[in-house]
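Me: I've got this model open on my screen and I'd like to talk it through. Can you take my questions one at a time?

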Amino acid sequence: MAGILNILIVGAGGFGREVYQYLTDMLPLQPSWKFGGFLDRNPDALRSYPVTGSVVGSPENYMPKSDDRIVIAIGEPAIRRKTAILLAGKGAEFTTIVHPSAYVSNTATIGDGVVICPFAFVGPDSNIGAHSILNTYASVGHDGTTGEFVVLSPYAVINGNASLSDGVFMGTHATVVPGKTIGAWSKIGAGAVVTRTLEPGSLALGNPATSRVLYAKPAEENS
Ligand SMILES: CC(C)(COP(=O)(O)OP(=O)(O)OC[C@H]1O[C@@H](n2cnc3c(N)ncnc32)[C@H](O)[C@@H]1OP(=O)(O)O)[C@@H](O)C(=O)NCCC(=O)NCCS
């Protein structure tokens, strides 16, 4: 029989403290979970927040134990990816955080290490790729898809049948209209409304959004 799982949060910054709060809300509903602390390069990251828990190590010196489960609380897609690769290479296992106030369709598919924050919506037959984040009030409509390491900021919306490739970042209140495809590692500025398919590495701003290719994919993607 599985024992108690020890949940570790990677990143003790602002989003890490938010994820800690969500975990605290979930623990009464997850009797087989306990909180094991934060992994952060800065051992003093929580010095000003003593009630939030403590930094128990860094991702670099962490050695996984069989009952450990990891969630990465870092909001920048490329750093999420780099951290996940580092930890997966050591044999770490990841868990998914879904706040109890979020709506997640029972026909949606949710990957490992995903964080679904309070009041987010995940529609039927959608697919959320590993290590993506749906921040507060973010929404993925029916049949919407995200690749891996996609980050939706608060109130970002992917409408039905839209598709975001790996590493896309959507700023707060950004929208992708139904059925459009966003190329990998693109950034959509806060408040932008994307009405067209975007090339990989695009930056899109405004309503309707104008875009240009600006970002390279992470160098290690080619290795
Ligand atoms: C798009 C974005 C990534 C650009 O960041 P940046 O490269 O640091 O850009 P800057 O702040 O230097 O701004 C560069 C120009 O773009 C404009 N700009 C920046 N963000 C914009 C946006 N969302 N919509 C329209 N114009 C924007 C600025 O006004 C500035 O214009 P100027 O050159 O005429 O003065 C960023 O502004 C953004 O929207 N980030 C989303 C943040 C967010 O939602 N975070 C959620 C945290 S939970």
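Me: Leaving out residues up to four places away in sequence, which residues does V56 touch?
Reply: This is a predicted model, so keep that in mind throughout. V56 sits in strand β3, which covers residues 55-57. Not counting residues up to four places away in sequence, the ones V56 touches are L8, G36, G37, F38 and L39.

Me: And how far is V56 from P43 in space, C-alpha to C-alpha?
Reply: Along the sequence, V56 and P43 are 13 residues apart. In space, C-alpha to C-alpha, the gap between V56 and P43 is 7.7 Å.

Me: What about F15, is that residue buried or exposed?
Reply: F15 belongs to helix α1, residues 14-26. Beyond four places in sequence, F15 touches A73, I74, V115, C117, I133 and N135. A residue counts as buried under 20% relative accessible area. F15 has 14% relative accessibility, so F15 counts as buried.

Me: How far apart are the C-alpha atoms of F15 and G75?
Reply: Those two residues are 60 apart along the chain. Even so, the separation of the C-alpha atoms of F15 and G75 is 7.0 Å.

Me: Where does T95 lie, and what is its relative accessible area?
Reply: T95 lies in the loop between α2 (77-89) and β5 (97-98). Setting aside residues up to four places away, T95 touches I7, W33, R69, I70, V71, G113 and V114. T95 is buried, and its relative accessible area is 11%.

Me: Now the open sheet of six strands: which strands stand at the edges?
Reply: The order is β6-β9-β12-β15-β18-β21, and the pairing is parallel. An edge strand here has a single partner strand, so one side is left without a neighbour in the sheet. The two that fit are β6 (103-104) and β21 (193-194).

Me: Inside that sheet, which residue of β12 stands opposite F121?
Reply: Strands of a sheet pair through backbone hydrogen bonds, either parallel or antiparallel. Strand β9 (residues 121-122) and strand β12 (residues 139-140) pair in the parallel sense, over two bridges. Opposite F121, in β12, stands S139.

Me: Which residue in the turn between β22 and β23 has a positive phi?
Reply: Strand β22 (residues 202-205) runs antiparallel to β23 (residues 210-213), and four bridges join them. Across that pairing, L203 stands opposite R212. The two strands form a hairpin with four residues between them, and the one in the turn with a positive phi, about 95°, is G206.

Me: Stepping back, what is the radius of gyration of the chain?
Reply: The chain holds two helices and 23 strands, and its C-alpha atoms fill a box of roughly 45 × 35 × 35 Å along the principal axes. A compact globule of 223 residues would come out near 17 Å. The chain agrees with that, with a radius of gyration of 17 Å.

Me: How much of the surface the chain exposes comes from carbon and sulfur atoms?
Reply: Of the 223 residues, 48% count as buried. The chain exposes about 10,200 Å². The share supplied by carbon and sulfur atoms is 54%.

Me: Last one: how far apart do the centres of the positive and negative side chains lie?
Reply: There are 15 positive and 17 negative side chains in the chain. Take the centre of each set, and the distance between the two is 6 Å.

Definitions and conventions: Residues are numbered from 1 along each chain as its sequence is written. This is a predicted model: local features need pLDDT of at least 70, side-chain atom pairs count only at pLDDT 80 or more; totals for chains, interfaces and linings use all residues. Side-chain values use heavy atoms; hydrogens and water are left out. The radius of gyration is taken over C-alpha atoms; the globule rule is 2.2 Å times the number of residues to the power 0.38. Buried means under 20% relative accessible area, exposed over 50%, partly exposed in between (1.4 Å probe, protein chains only). Accessible areas come from the Shrake-Rupley method with a 1.4 Å probe; for residues, only the protein chains shown count as cover. Lys and Arg count as positive and Asp and Glu as negative; His and the chain ends are not counted. The place of a charge is taken as NZ of Lys, CZ of Arg, CG of Asp or CD of Glu. Two strands pair if DSSP finds at least two bridges between them. Contact means heavy atoms within 4.5 Å.
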